[in-house]
Amino acid sequence: MNRTRTLRRAFTASGQVQGVGFRPFVHRLARDNGLTGTVRNTSDGVRIEVQGEAHSVRRFGKGLREDLPPLARLASLAEETLAPVRGEKDFTILASLGHAGHSVLVSPDVGICEDCLADMRDAANRRFAYPFTNCTNCGPRFTITRAIPYDRATTAMSCFPLCPDCAGEYGHPADRRFHAQPIACPVCGPRLWFVDKITLETASDTGPTEENRRDAPARAENILLSGGILALKGLGGFQLACDARNSVVVSELRRRKDRPHKALALMVRDMAAARALCAMEPEHEALLQSVEKPIVLCPRRAWGETSLCLEIAPDSDQIGLMLPGAPLHAALFDRLASRAGMPPVLVMTSANARGEPICLGNREALARLAGMADAWLLHDRDILCRVDDSVLAAPSTSGAPLFFRRARGYVPRPLSLVEAGPCVFGAGAELKNTFCLTRGADAFVSQHIGDMENPATAAFYEEAAQHLEKLLEVRPQAFVCDAHPDFFAGRYARERAAREGLPFWELQHHAAHAASVLAENCCREPALALCLDGAGFGLDNTVWGGELLFMDLSAARWRRVGRLTPFALPGGDNATREPWRIALALQKLARANIALPASPDAPTDGAISAVREMLEKNLHCPQTSSCGRLFDAVSAQLGLCLKTTYEGQAAIRLEQTADKKLAKNGVVQPVGIVKREELLELDSAALFARVLDALKNNEPASVIAARFHLNLACGFAEMAARAGRALGVSKVGFSGGVMQNALLTGLLTDFLEQQGITPLLHHELPPGDGGLSFGQAVWGRILLRGG
């Protein structure tokens, strides 16, 4: 009798359950179990009521937990028993209900799925070659969502009424487009059009017309095949594309973007084309084919094997590779593949001038890219927030991918916090900025914003903060920012806190790094953190960057316990652009005087004399303990990089040059660690002196670079071990931009594990400045909790 008893049960699912095909999944699950009831989106998540035989209801609940759609993520599933409803005959999807405040997770944008690709490549399908094809398993989400609940009316698709065919698919439970909010087709969906330079200069209206819509994909294809630069509107903003095998156009793209050396990302049509360019491990292939469709750093095959031009990535043997993430990309590659003699390979880079945010709207792109693009491929689906491509390296030391940039495909996916708490705003850093908002037991780190020195980027920061607060329906109750007095993000946080009468705290740059990596690893016990980067404002008014910190996160207390021995930065910021200056400073510290290597970028004798005089008189020579600047000095002394055109260039060349086998199996040349002013110090001058000695012995740069990595890692590991024994801690977090150096991070991990110490690495955030806003927000929550 119990098996046939009628039971009505309600479930409220919270998490990433809207925009991921969850309601259609629930509908099918209920039908399969012979249940009646309802499902609807609400501001609290998805509300489900099912009714039927008790064993069927229990089986439904089990399936709800274990058989989720590919994109869904359950944060919680609340249940209650209700009185049965008499006369209920069916299971239906009800209209959404919204109210102020919600706990729903907005889905990131999702790369095109194989089923939709198949539709686009089927000449008999009504979506053949349609560049806005999507379903419940793929397509835009975050970049088109205005508000929650997630319904077509609250997205950028609200202005595209469904045609009868799309309405039929949208309403049919067995269709994979059942309740897919961005659903579209050539009859009722967004439209493409093409604008070239002549049209831009002569036409009064650059919007869609019968003329510029005609053969728009073919005209865009012709631009690429003829050696031109195309601006196309992607998922999260505009991209610039050109033929990666054409050295003339790639060089011209670099000139127009003022990007002389920094690597350019590539897009290929499929995995066969990717394997032809790179010697990939399964980890690379898994990331490339993941639903997030990020840029993945992959080991390049020899230049002669690929026919790629050398200008793609002159500083590294890795290239950033991605597969088509949007159906527009896929449609373009299908056309190119039908005409090109070789599998097409396109440069696919952010459409922006140096230091500016990615372009968002059509008019903005036509104006800002007039000096960069030869033509534009536009469409009329609005992008509601700028989101750049994510950049990752395949798993190595930590077993998790290494983020260089976290954006499209991953944002706004939250990081879990230990417990629920008030909303805090972490303002982030000045370079590679992100901000962070907390809500309940989740922390939402924003998409990559960029370098805040540019007014346009500062405006993007405010725009993104406003959008995410509105989407999450939160208002910060406190603000935390960097201790530097002149950072834009800090000014924004201070001014908002003052205007809104809210608590405000500063947290030193490297302490925020430490809090970020410890919180990401749920480490609330006292621990150490090695925070190695280029620069952070120090509490002693020097530039920090090679720091060992002790932190008790649960008590919101920290202190500096170790560092690199400080050295001079002659000329201040000029030294970061001309690292030969730092090499001269370390020569002086090491009591050596050795000529800089001959190079087209070598400074004049007069410039060298002027810097030596600055060092002698201590004029405009701020002190730093920066590990990043030490890398710069070694790179310059070896003649690898005497002038930089982008951040991290000298260090990238040094890591690239190092003999990896020697670094991992070589003999350490120990460098002294002393205690000075209550701090353990690793001797920067001695590390540099080892480099100078090797040069005098005519050792090759590959050997010297390898030994430098080895000696540095051993020195920092010994410092951490000594501090750990004194403080009674056995965990060390790794954070800071230098930790993107896979060789150094691997060596540090090995040395620490040999001493019984557990390394903690970032696995969901970049170790660089793009991850420290999370640490700021976590710190603020702890301070608020403590009153």
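How many helices and strands does the secondary structure of the protein chain come to? In this model, which I should say at the outset is a predicted one, the answer is 26 helices and 29 strands. The radius of gyration of the chain is 28 Å, close to the 28 Å that the globule rule gives for 787 residues, and so the chain is as compact as a globular protein of that length. Along its principal axes the C-alpha trace spans about 90 × 65 × 50 Å.

A few totals for the chain fill in that picture. Of the 787 residues, 59% count as buried, and the accessible surface comes to about 29,800 Å², with 50% of that area belonging to carbon and sulfur atoms. If we take the contacts between residues at least 6 apart in sequence, 72% of them join residues that are at least 24 apart.

Let me turn now to one sheet. Here 5 strands form an open sheet, in which the order is 16-18-17-19-20 and the pairing is mixed. Strand 16, covering 415-421, and strand 20, covering 504-507, stand at the edges with a single partner strand each, so that one side of each is left without a neighbour in the sheet. Neighbouring strands of this sheet are turned against each other by 30 degrees on average, if direction is ignored.

At the strand 16 edge, the partner is strand 18, residues 436-445, and these two strands run antiparallel, joined by 3 bridges. One position that you can look up in the structure is G421, whose bridge partner in strand 18 is G440.

What lies across this sheet's strands? Helix 26, residues 772-785, lies across strand 16, strand 17 (424-426), strand 18, strand 19 (478-482) and strand 20, and the helix runs at about 140 degrees to strand 18.

Finally, the cysteines, where the count comes to 0 disulfides. Two of these residues are useful to set side by side, beginning with C116, whose closest cysteine sulfur is that of C138, at 3.6 Å, which is too far for a bond because a disulfide requires the sulfur atoms to be within 2.5 Å. C116 is buried, its relative accessible area being 0%. For C714, the closest cysteine sulfur belongs to C627 and is 14 Å away, again too far for a bond. C714 counts as partly exposed, with a relative accessibility of 22%.

Note on methods:
Residues are numbered from 1 along each chain as its sequence is written. This is a predicted model: local features need pLDDT of at least 70, side-chain atom pairs count only at pLDDT 80 or more; totals for chains, interfaces and linings use all residues. Side-chain values use heavy atoms; hydrogens and water are left out. Two strands pair if DSSP finds at least two bridges between them. Helices (H or I, at least four residues) and strands (E, at least two) are DSSP runs, numbered from the N terminus. Axes are lines fitted to C-alpha atoms, for helices over the stretch in contact, and angles run from 0 to 180 degrees between N-to-C directions. Contact means heavy atoms within 4.5 Å. The radius of gyration is taken over C-alpha atoms; the globule rule is 2.2 Å times the number of residues to the power 0.38. Buried means under 20% relative accessible area, exposed over 50%, partly exposed in between (1.4 Å probe, protein chains only). Accessible areas come from the Shrake-Rupley method with a 1.4 Å probe; for residues, only the protein chains shown count as cover.
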